[in-house]
Amino acid sequence: MPNFKLYAFYFSPTGGTKNILDIFLSKWNCDKILTDLSDNNANLEDVIFKKDDVCVVAVPSFSGRVPQFIIPKISKLNGAGAKAVLITAFGNRAFDDTLLELFNTMTKADFICFAAMAAVTRHSVMPKYGNGRPDSDDISQIKEFSEKCRNEFVQRVNTVALPGNFPYRKYQSIPIKPKADKSCNKCGLCAKRCPVKAIDPQRLNKTDKNKCISCLQCVAKCPRQARHINKFVLKAAEIKMKKLCGDRKENAFFIAE
Ligand SMILES: Cc1cc2nc3c(=O)[nH]c(=O)nc-3n(C[C@H](O)[C@H](O)[C@H](O)COP(=O)(O)O)c2cc1C
């Protein structure tokens, strides 16, 4: 293997995207530098890439798009012609324009995006969809794709062709916003971990509905399981989405010519 560094940047509010990323990275026997894109202290402009490096970016598909707070963050990277692999995790509906939007943003930041994949995970809001994914078949597919990327990234000089449309699909937020119950001990971790600062650290039971992106990181990270979404609203959403999310979707893999 040539001398290179592998950087991975991810956003994984409830862990599904990170799980997919970890499966992908398991085939790369090298040092890895991981950065959580929801960490507001991470200085992305300070990362110095060399042409031989590899950058993996993994994000969930929200509304068939990249979660929007991530765009200005990854735009700060300076790829210097390094190779990039793009990953999205989606909750068994569709990933629509997510990879294309990621591709356009990373290409502008001077990366050569030679490979991309979209993998099905459990839907973080409606967990009955995509439940049990990735399964053993998914894991084998992801590992096989990862080996291909690892073995071929040096000679891949072209960019990958991806599905999607521009202008992108309209980003639609969902009206499901978590709230704290009485067991909240006001530790403040939810406010600290919220990627878009929608929770007021002084009034933790107040979520700014306009800022909240419903990513559920606050629910997943709460040490007391004190934050929840409304069960009735969730049930209604599950019924509404049955046609679009009910049947099994497959993963998608793309690599440049
Ligand atoms: C606000 C929001 C919008 C979502 N939109 C989509 C979507 O358009 N298509 C889809 O298949 N899954 C969608 N999902 C499901 C997530 O893409 C999926 O659950 C992903 O694994 C979440 O990442 P995480 O497990 O790292 O938190 C959405 C989830 C959220 C929270």
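These questions and answers cover the domains, cores and ligand shell of a predicted model. Local features need pLDDT of at least 70, side-chain atom pairs count only at pLDDT 80 or more, and totals for chains, interfaces and linings use all residues. Residues are numbered from 1 along each chain as its sequence is written.

Me: How far apart do the C-alpha centres of domain 1 and domain 2 lie?
Reply: The bounds come from an automatic or database domain assignment. Domain 1 is 6–167 + 251–255, and domain 2 is 179–229. Their C-alpha centres lie 26 Å apart.

Me: How many residues does the contact take from domain 1 and from domain 2?
Reply: Two residues are in contact if their C-beta atoms, placed from the backbone, lie within 7 Å. The side of domain 1 that touches domain 2 has 5 nonpolar, 4 polar and no charged residues. Nonpolar means Ala, Val, Leu, Ile, Met, Phe, Trp, Tyr, Cys and Pro; charged means Asp, Glu, Lys and Arg; the others, Gly among them, are polar. The contact takes 9 residues from domain 1 and 9 residues from domain 2.

Me: Which element gives the largest share of the largest nonpolar core?
Reply: A nonpolar core is a set of buried Ala, Val, Leu, Ile, Met, Phe, Trp, Tyr and Cys residues joined through C-beta atoms within 7 Å. This one has 50 residues, and Met106 and Cys113 are among those that touch the most other members. Elements are DSSP runs numbered from the N terminus: helices (H or I, at least four residues) and strands (E, at least two). The largest share, 9 residues, comes from S5.

Me: Which residues is Met106 in contact with, leaving aside its neighbours within four places in sequence?
Reply: Met106 belongs to the largest nonpolar core. Its contacts are Val57, Ile74, Ala84, Leu86, Phe111 and Cys113.

Me: Which residues of H1 are buried?
Reply: Buried means 20 or more other C-beta atoms within 10 Å of the residue's own, exposed means 12 or fewer, and partly exposed is in between; C-beta atoms are placed from the backbone. H1 is mostly covered, with 7 of its 10 residues buried. The cover includes S1, S3, S4, S5 and H4. The buried residues are Gly16, Thr17, Lys18, Ile20, Leu21, Ile23 and Phe24.

Me: Which residues are closest to the ligand?
Reply: The shell counts residues whose C-beta atom, placed from the backbone, lies within 6 Å of the ligand. It divides into 10 nonpolar, 14 polar and 1 charged. H1 and S4 each give two or more residues. Of the 25 residues, the closest are Gly16, Thr17, Pro60, Gly91 and Arg93.
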